[in-house]
Amino acid sequence: MPTVESPLFTPVYRNVYGVELTDQGREHIDCYVDELGFINKRPGLVQKVDFGLGVNKPVEGLFWFPHKGFALGVCDNKVYKITESSGTLTGSSITTNAPGTSYTPTFTVGVDANLATPTTFGIIAAGGAMIQGNGTGSTITNFATIGDAQAPTTVSHVDFIDNYLLATTGKGYFQFSDLSDPLSWSASSIATAMRNPDTIRALKVYNRQIFLFGDVTTEIWENDGTSPFAPNPGGYLNTGIIAAYSVVTSEEGIYWLNDRRHFVVFNGTLQTVSTPYDKEIASYSNVSDCIGLKVEVRGRPFILFQFPSEGVTLAYSILDKNWAQWNFYDSAVGEYSHFLGKSYCYAPTWGLHLMGSRKSSVVYELTEDAKTDDGEHIRMKILTGHIDHGSPNYKVSKRLVIRAKRGEGILSGEDPVLMIRWNDDNKGWSNVKEVSLGRIGDEEVNITIYPRGRYRTRQYEIVVTDSVGVSFGRAFEDIDLL
């Protein structure tokens, strides 16, 4: 009776039919793989501040203002200043002129030329005229429209480089402010991306280079000290963008959803990172509204790619390149929908990962201390491939042992449970078997299950709905090979 390792927790691959998978996973929901290959339930959401606007008023944008030591939120066409005192967050409206509602808000920070007491500007664009709030030290004025008559008025993206404020308006060029003065503009201060005629759909500064994303091409520009901006000689990519707000930057590169519906990353070379999900993304009816958010879990960077029209959130682990799906489980109807968070920022001074709700004017903290999403269970699910242990012969299963972190317990005093079932030879699922995850203090590292039966291939489904943190690692099965 050999003991063989069972690939229950291997990375997900959804680019083929499910029956083709043996050692790859089929589905990871509300979980992530850590650096040692253990699958962990994802962090939950706990409310930190409510702007008081009620439901159907999503928090469209969150931004950490590093020079000021507070956060900004955009909700219901208003800007909110978020401050902290003794662990409590407070949000107050600081809007004189609205940022607009045409697009997802983008945010940047600029400064003037005063070296002794520089004025710091926060600038927001959301499809209309840019708005700005400014001040010295930790002060800030209410956000109001940049008043220069020559400033662009239909701005989708803003960024800042070398004391210039940059803006794009859905044309084939971008505009820039006067040097060291984000409030002063000239109609002639434009730079045209014309190596291939293309409309600039998004703009992002990364590693002191300006990325101009068009429908079918991407150009990389830089400050040449004269023009002041010119194309980088090698900065031309024969790929564009299909979702203007999918752009995310990290230390590893700049990511976006390109015009072929692939998630790509550029860091000197262009690479596709979404191969395990390309078939699925290709089947979506609408991807143009995809939004990218870079978040952190236990110090590990992830990108959440939200597809609001599809009700899907894909979570990409930057370090180990694994994929999962993060959902919100609505217990009232017993169905998954996409992740509850819509916007994100990290507040380093407070040590908080802030997540704006897509359903209301609430800002949450994303934290592993929260075992629910604002009171709703997080329904972690793992679906394996059709495991055959490298042989087409029948196997008789004797015992399955899973290494796990357990013993958190639940407040009611009942045992939290792992629910497991199996599908032999793709002929249908067994009944669900419940296995204890241990009461508080029960820290036995192995879970033993007896999934009897004979099979050529076996697929496992593992579900945890109780409000506990869990982590599953290597699994071994005792089998008789016939």
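## Report on a strand-rich predicted model

The protein has 44 strands and 1 helix. The model is predicted.

**Overall dimensions**

The radius of gyration is 25 Å, which agrees with the value near 23 Å for a compact globule of 482 residues. Along the principal axes, the C-alpha atoms fill a box of roughly 80 × 50 × 40 Å. Of the 482 residues, 54% are buried. The accessible surface comes to about 19,600 Å². Carbon and sulfur atoms account for 47% of that surface.

Contacts reach across the sequence. Take those between residues at least 6 apart: 58% of them join residues at least 24 apart. On the charge side, there are 42 positive and 54 negative side chains. The centres of these two sets lie 6 Å apart.

**Strand β28 and its partners**

Strand β28 covers residues 312–317. How many of its 6 residues are buried? The count is 6 of 6, so β28 is largely enclosed by the rest of the structure. V312, L314 and Y316 point one way from the strand. T313, A315 and S317 point the other way. Both sets are buried.

Two strands pair with β28, as the table shows.

| Partner of β28 | Sense | Bridges | Residues between the strands | Positive phi in the turn |
|---|---|---|---|---|
| β27 (residues 300–307) | antiparallel | 6 bridges | 4 residues | G311, about 65° |
| β29 (residues 323–325) | antiparallel | 3 bridges | 5 residues | K321, about 65° |

Each pairing is a hairpin: β27 with β28, and β28 with β29. On the β27 side, F302 stands opposite S317. On the β29 side, A324 is the bridge partner of A315.

**H338, in contact with this region**

H338 belongs to strand β31, residues 335–338. Its relative accessible area is 11%, so H338 is buried. Residues up to four places away in sequence are set aside here. H338 then touches V312 and T313, which are among its contacts, and also G311. V312 and T313 are residues of β28, and G311 sits in the turn between β27 and β28. The other contacts of H338 are Q306, P308, W326, N327, F328 and R358.

**A167 in strand β15**

A167 lies in β15, which spans residues 164–168. Is this residue buried or exposed? A167 counts as buried because its relative accessibility is 0%. Beyond four places in sequence, its contacts are M130, P152, V155, H157, V158, F174, Q175 and W185. K294 is 127 residues away from A167 in sequence. In space, the two C-alpha atoms are 22 Å apart.

**Backbone exceptions**

Most residues other than glycine have a negative phi, and most peptide bonds are trans. Which bond is cis in this model? A cis peptide bond joins S227 and P228, with omega about 10°. P228 is placed in the loop between β20 (218–223) and β21 (229–237).

Two aspartates have a positive phi. D30 has a phi near 55°, and so does D374. D30 is in the loop between β2 (27–29) and β3 (31–33). D374 is in the loop between β35 (372–373) and β36 (376–377). Their exposure can be set side by side. D30 is buried, at 0% relative accessibility. D374 is partly exposed, with a relative accessible area of 41%.

Technical notes
Residues are numbered from 1 along each chain as its sequence is written. This is a predicted model: local features need pLDDT of at least 70, side-chain atom pairs count only at pLDDT 80 or more; totals for chains, interfaces and linings use all residues. Side-chain values use heavy atoms; hydrogens and water are left out. Buried means under 20% relative accessible area, exposed over 50%, partly exposed in between (1.4 Å probe, protein chains only). Contact means heavy atoms within 4.5 Å. The radius of gyration is taken over C-alpha atoms; the globule rule is 2.2 Å times the number of residues to the power 0.38. Accessible areas come from the Shrake-Rupley method with a 1.4 Å probe; for residues, only the protein chains shown count as cover. Lys and Arg count as positive and Asp and Glu as negative; His and the chain ends are not counted. The place of a charge is taken as NZ of Lys, CZ of Arg, CG of Asp or CD of Glu. Two strands pair if DSSP finds at least two bridges between them.
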